[in-house]
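Please open the structure in your viewer and keep the selection tool at hand. The tour moves from one selection to the next and says what is found at each stop.

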Amino acid sequence: QLFRQMEEIQNRLKESLQLNAQKSRQHVHTTVQTLTAMVKEEGNRLLACIDTEEESRNKQIDAEIEGVQINLASAKSTCEFAETLAREGGDYEVVSFSQDTTRRLNELTKPPAETVDFELANIPVDYAIMKNKLTTDSLPTTKYSLPKSTEKELSSLLKGVPRRTPTVNRQAPLKHEQTVPCVAGSIQELVEGWNVYIQSLVREEQPDVDVQTSAIYAEIKKELKKGDTWFLVDAKWFKHLKEYVGYDSSDKQLMGHPGPIDNSSLLKDPQHPDGACLKRHLIDEWYYCLVPAEAFCKLVSWYGIEDSHVIPRKVVEHGVFVKHCKVEVYLMELKLCNYSNMKHLVTQQFSRGDTIGQMEESMRSLFNIPTDRRVRMWNKYMSITYELLDKPSETVEDSGLYQGQVIVIEEQNYDGSWPRGLATTKPKTP
C-alpha cells in the first residue's frame with residue numbers, strides 16, 4: 001500500500017511539474033516579448049535622434065563648405081585683379097591698391113585649424129533612458145510552485161499508510177546484491193579493475209525476456225554523466241540479443257540464444273585482449289553499441305562473456321565554451337619516459353579527462369618511483385623544447401596534449417637539485 005501511495009504521489013508531482021513548467025515557459029515568452037518591444041521602441045527613438053543630429057550637422061558642414069568656396073572665389077578674383085593691376089596699372093594705382101589687396105588675402109588665408117569645428121563629425125548615443133527603462137520595467141523573479149493545499153493533501157496520503165517492520169527469514173539465504181564498482185586511474189587500471197569485477201560476478205538464471213527488455217533498455221536510455229563508465233558491446237551480438245528478446249518486435253525469440261558476449265571483433269589482438277586497444281575506425285551502432293555499467297553487468301551475469309573481452313570507457317566533457325558529455329571510445333596515446341633514460345619510451349593510453357596528477361601516479365608506478373620522491377612532469381615538444389606540466393588538476397585535454405606526444409618525468413636529485421636545472425618552459429600557444 002505504501003508503494004502504491006508513493007507511486008500515486010510521484011505521478012501527481014510529475015503532473016504538477018509539467019503544468020508549472022508550461023506556465024514558466026509562457027511567462028518567459030511574455031516577458032521577453034514585452035522587453036523586446038520596449039527595447040525596439042527605444043531603439044527607434046535613438047535612431048530618429050541620430051537621423052536628426054546627422055541632418056543638423058550636415059547642414060552646418062554644408063554651410064562651412066559654402067563659406068570656404070566663397071572665400072576661395074574671392075581670393076581667386078583678388079589674385080586676378082592684383083595680376084592685372086601689376087601688368088597694366090600705373091605706379092599710383094599699384095601703390096594705392098597693393099596694401100588693400102594684401103590685407104584682403106591675409107584674411108582669406110587664415111589657418112583652418114583656428115576656425116574648423118571637429119566636433120561636427122561626432123554623433124553621441126545616450127543609452128541612459130533605455131537603461132533606466134530596463135531597470136524600472138524589469139519583472140521580479142517568478143516561481144511557480146506546488147500549491148500548499150496539494151502538498152498537504154499528498155502528505156496526508158503518506159500519513160494514512162501503516163508502517164510495518166519487515167521480517168527476515170533467517171533460514172532462507174539472502175540474495176547477494178552486486179554493486180557496480182567505481183574504478184579510478186588510467187585506462188589500463190580501469191580495464192584491469194573491471195576485469196576483476198566481471199570475473200567475480202555470479203552467473204544468474206536468465207529472467208523472462210520482458211524483464212530483460214525493461215531492465216536493460218531503461219538503463220541504456222539514461223543520460224550521460226561525466227565520470228560514469230559505459231561499455232562497448234559487439235553490434236552483431238547486441239542485434240542478436242534484441243531479436244532474441246523481441247525488443248523491436250512483438251514476436252519473442254525469433255532468433256536463438258545469442259550465447260556469451262563476444263567482443264573479439266573490436267580488438268586489435270583478440271588472442272591477447274586488451275580493452276584499451278581497439279581496431280581503428282569503428283563506428284557507433286555499426287560495429288559496436290554503448291551500454292552503461294549497470295546494464296552490462298546484468299548482461300554478463302545472464303549471458304557470460306568470452307575471454308574477458310571487457311571494454312570500459314569513461315564519459316568525459318567536450319567543448320570549450322559549451323560543455324557536452326560524450327563516451328570517449330578512442331583514447332589518446334602518449335609516449336612516456338623517465339628523464340634518466342629518455343630512449344626507453346613506453347606507449348600508454350589516457351583519457352582526455354584524466355588529470356596530470358593521475359598521469360604522474362601512473363608514471364610513478366611504471367618507472368618504480370617512490371611516492372615520497374619529488375618529481376616534475378614535462379611535455380617534450382622537440383629535441384630541446386620542454387613545457388612544465390605543473391598543474392596536477394589540469395586535464396589532458398586542457399593541457400593541450402596531442403596524440404603521440406612525449407611526456408617526461410624527472411626525479412629530483414638527493415641533494416635537492418634537478419637534472420634539468422631551473423624550470424624553464426616554452427610558453428603555451430594561446
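## Colouring by confidence

Begin by colouring the chain by pLDDT, and compare helix α4 (residues 148-159), which has the lowest mean pLDDT among the elements of the protein chain at 66, with strand β9 (residues 406-411), which has the highest at 94. This is a predicted model, and over the protein chain the pLDDT averages 77, with 76% of the residues scoring at least 70. Now select residues 163-179, where pLDDT stays under 50 and for which the model has nine contacts beyond four places in sequence. Where pLDDT is low, the predicted coordinates should not be read in detail.

## The whole chain

Next, show the protein chain as a cartoon, in which you can look for nine helices and nine strands. Of its 430 residues, 31% are buried, and the accessible surface of the chain comes to about 29,100 Å², with 54% of that belonging to carbon and sulfur atoms. Among the contacts with a separation of 6 or more, 71% are between residues 24 or more positions apart.

## Two packed helices

Select helix α6 (residues 209-220) together with helix α8 (residues 293-303), which pack at an angle of about 150° with their axes 8 Å apart. Which residues make the contact? On the α6 side they are Gln212, Ala215, Ile216 and Glu219, while α8 contributes Glu294, Ala295, Lys298, Leu299, Trp302 and Tyr303. Sorted by class, this contact of α6 with α8 has six nonpolar, one polar and three charged residues.

## The five-stranded sheet

Move on to the open sheet of five strands, and follow the order β6-β5-β9-β7-β8, in which the pairing is mixed. The edge strands are β6 (341-350) and β8, each of which pairs on one side only, and the twist from one strand to the next averages 30°. Strands of a sheet pair through backbone hydrogen bonds, either parallel or antiparallel. For a closer look, select strand β5 (residues 332-338) with β6, since these two pair in the antiparallel sense over six bridges, and then pick Leu334, whose bridge partner in β6 is Gln348.

## A loop residue

Finally, select Met382, which is found in the loop between β7 (375-380) and β8 (386-388). Is Met382 buried or exposed? With a relative accessible area of 52%, Met382 is exposed, because a residue counts as exposed when this value is over 50%. To end the tour, set a distance between the C-alpha atoms of Met382 and Gln405, which lie 23 residues apart along the chain and are separated by 9.8 Å.

Methods. Residues are numbered from 1 along each chain as its sequence is written. This is a predicted model: local features need pLDDT of at least 70, side-chain atom pairs count only at pLDDT 80 or more; totals for chains, interfaces and linings use all residues. Side-chain values use heavy atoms; hydrogens and water are left out. Helices (H or I, at least four residues) and strands (E, at least two) are DSSP runs, numbered from the N terminus. Buried means under 20% relative accessible area, exposed over 50%, partly exposed in between (1.4 Å probe, protein chains only). Contact means heavy atoms within 4.5 Å. Accessible areas come from the Shrake-Rupley method with a 1.4 Å probe; for residues, only the protein chains shown count as cover. Axes are lines fitted to C-alpha atoms, for helices over the stretch in contact, and angles run from 0 to 180 degrees between N-to-C directions. Ala, Val, Leu, Ile, Met, Phe, Trp, Tyr, Cys and Pro count as nonpolar, Asp, Glu, Lys and Arg as charged, and the others, Gly among them, as polar. Two strands pair if DSSP finds at least two bridges between them. pLDDT is the predictor's confidence in each residue, from 0 to 100.
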